[in-house]
Amino acid sequence: MSVGVLLMTHEAVGKALISAAHHVMPKLPLKVEAVEVPAHADPDVMRTLTAHHARELDQGDGVLVLADLYGATPCNIGLSLAALGVRLRCVSGLNLPMLLRVLNYAEKPLDELAQVAAHGGRGGIFIDHA
């Protein structure tokens, strides 16, 4: 079994990150899906849709929700899934290094994978020494 990964993002972000991850790793070691929340979407409708995706991703080890922006609607919907009985951890600030790091440590349990995600996201940020 393994952790499912659910990207909760604004429009066009999640699927683009999955596509980029496939470019680097043609065969992803974890099940990854994206729910992209349109600007004027009904949060209740999106929550129902997202819960369906999360339950499909959960093979018994939980779901790692990677959200693009803490406090925004996609992240809030992701966080609300716990109240619906989905075992999850949520990490915000989603970027490609974060996703790739998670995929490179696919064997980790949910709690550790959340830490891997956070470290990978921060570790992928550099400022040049100009």
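## Close-up views of a predicted model

**Figure 1. Helices H1 and H4 are oblique to each other.** Welcome to the first view, taken like the others from a predicted model. The axes of H1 and H4 make an angle of about 55°, which is why the pair counts as oblique: the angle falls outside the 65 to 115 range of roughly perpendicular and is not under 35 degrees. The two axes lie 10 Å apart, and H1 passes H4 in a right-handed crossing. On the H1 side, the contact is built from Leu17, Ile18, Ala20, Ala21 and Val24; H4 contributes Leu96, Leu99, Leu100 and Leu103. Sorted by class, this contact of H1 with H4 has nine nonpolar residues, with no polar and no charged ones.

**Figure 2. Helix H4 also packs with helix H5.** Here H4 (residues 96-104) meets H5 (residues 110-123) at an angle of about 140°, and their axes are 7 Å apart. How does this angle class the pair, as oblique or as roughly antiparallel? H4 is oblique to H5, because roughly antiparallel would need an angle over 145 degrees. The crossing of H4 past H5 is right-handed. Pro97, Met98, Arg101 and Val102 of H4 make the contact with Leu113, Val116, Ala117, Gly120 and Gly121 of H5. By class, the contact of H4 with H5 holds six nonpolar, two polar and one charged residues.

**Figure 3. Leucine 7 is a buried residue of strand E1.** Leucine 7 sits in E1 and has a relative accessibility of 0%, so leucine 7 counts as buried. Who surrounds leucine 7, once its neighbours within four places in sequence are left aside? The contacts of leucine 7 are Gly14, Leu17, Ile18, Val32, Glu33, Ala34, Val35, Leu66, Leu94 and Leu99. Among them, Leu17 and Ile18 belong to the H1 side of the contact in Figure 1, and Leu99 belongs to the H4 side. For a sense of scale, leucine 110 is 103 residues from leucine 7 in sequence, and their C-alpha atoms are 15 Å apart.

**Figure 4. Alanine 12 has a positive phi.** Alanine 12 lies in the loop between strand E1 (4-10) and helix H1 (14-24). Phi of alanine 12 is near 75°, a positive value in a residue other than glycine. As background, most residues other than glycine have a negative phi. With 57% relative accessibility, alanine 12 counts as exposed, because the cut-off is over 50%.

**Figure 5. Arginine 89 makes a side-chain polar contact with aspartate 111.** Arginine 89 is part of strand E4, and its relative accessibility of 34% makes it partly exposed. The side chains of arginine 89 and aspartate 111 come together in a polar contact of 3.0 Å. Not counting neighbours within four places in sequence, arginine 89 touches Val63, Leu64, Val65, Leu110, Asp111 and Ala114. Leucine 28 makes a useful reference point: it is 61 residues from arginine 89 in sequence and 20 Å away in space, C-alpha to C-alpha.

**Figure 6. Cysteine 90 and serine 92 belong to strand E4.** Cysteine 90 lies in E4 (residues 88-92) and is partly exposed, at a relative accessible area of 24%. Beyond residues up to four places away in sequence, cysteine 90 touches Val65, Ala67, Cys75 and Leu79. Asparagine 76 is 14 residues from cysteine 90 in sequence, with a C-alpha to C-alpha distance of 9.8 Å. Serine 92 is partly exposed as well, at 29% relative accessibility. Leaving aside neighbours within four places in sequence, serine 92 is in contact with Ala67, Leu69, Tyr70, Cys75 and Met98. Leucine 69 is 23 residues away along the chain, with 5.7 Å between its C-alpha atom and that of serine 92.

**Figure 7. Serine 80 of helix H3 is buried.** Serine 80 is found in H3 (residues 73-80). Is serine 80 buried or partly exposed? Its relative accessible area is 18%, and buried means under 20%, so serine 80 counts as buried. A polar atom of the serine 80 side chain lies 2.7 Å from the backbone oxygen of isoleucine 77.

Technical notes: Residues are numbered from 1 along each chain as its sequence is written. This is a predicted model: local features need pLDDT of at least 70, side-chain atom pairs count only at pLDDT 80 or more; totals for chains, interfaces and linings use all residues. Side-chain values use heavy atoms; hydrogens and water are left out. Helices (H or I, at least four residues) and strands (E, at least two) are DSSP runs, numbered from the N terminus. Buried means under 20% relative accessible area, exposed over 50%, partly exposed in between (1.4 Å probe, protein chains only). Contact means heavy atoms within 4.5 Å. A polar contact is a pair of N or O atoms within 3.5 Å; within protein, one must be able to donate a hydrogen and the other to accept it, and residues adjacent in sequence count only if both atoms are side-chain atoms. Axes are lines fitted to C-alpha atoms, for helices over the stretch in contact, and angles run from 0 to 180 degrees between N-to-C directions. A crossing is left-handed if the near helix is turned anticlockwise from the far one by less than a right angle, and right-handed if clockwise. Ala, Val, Leu, Ile, Met, Phe, Trp, Tyr, Cys and Pro count as nonpolar, Asp, Glu, Lys and Arg as charged, and the others, Gly among them, as polar.
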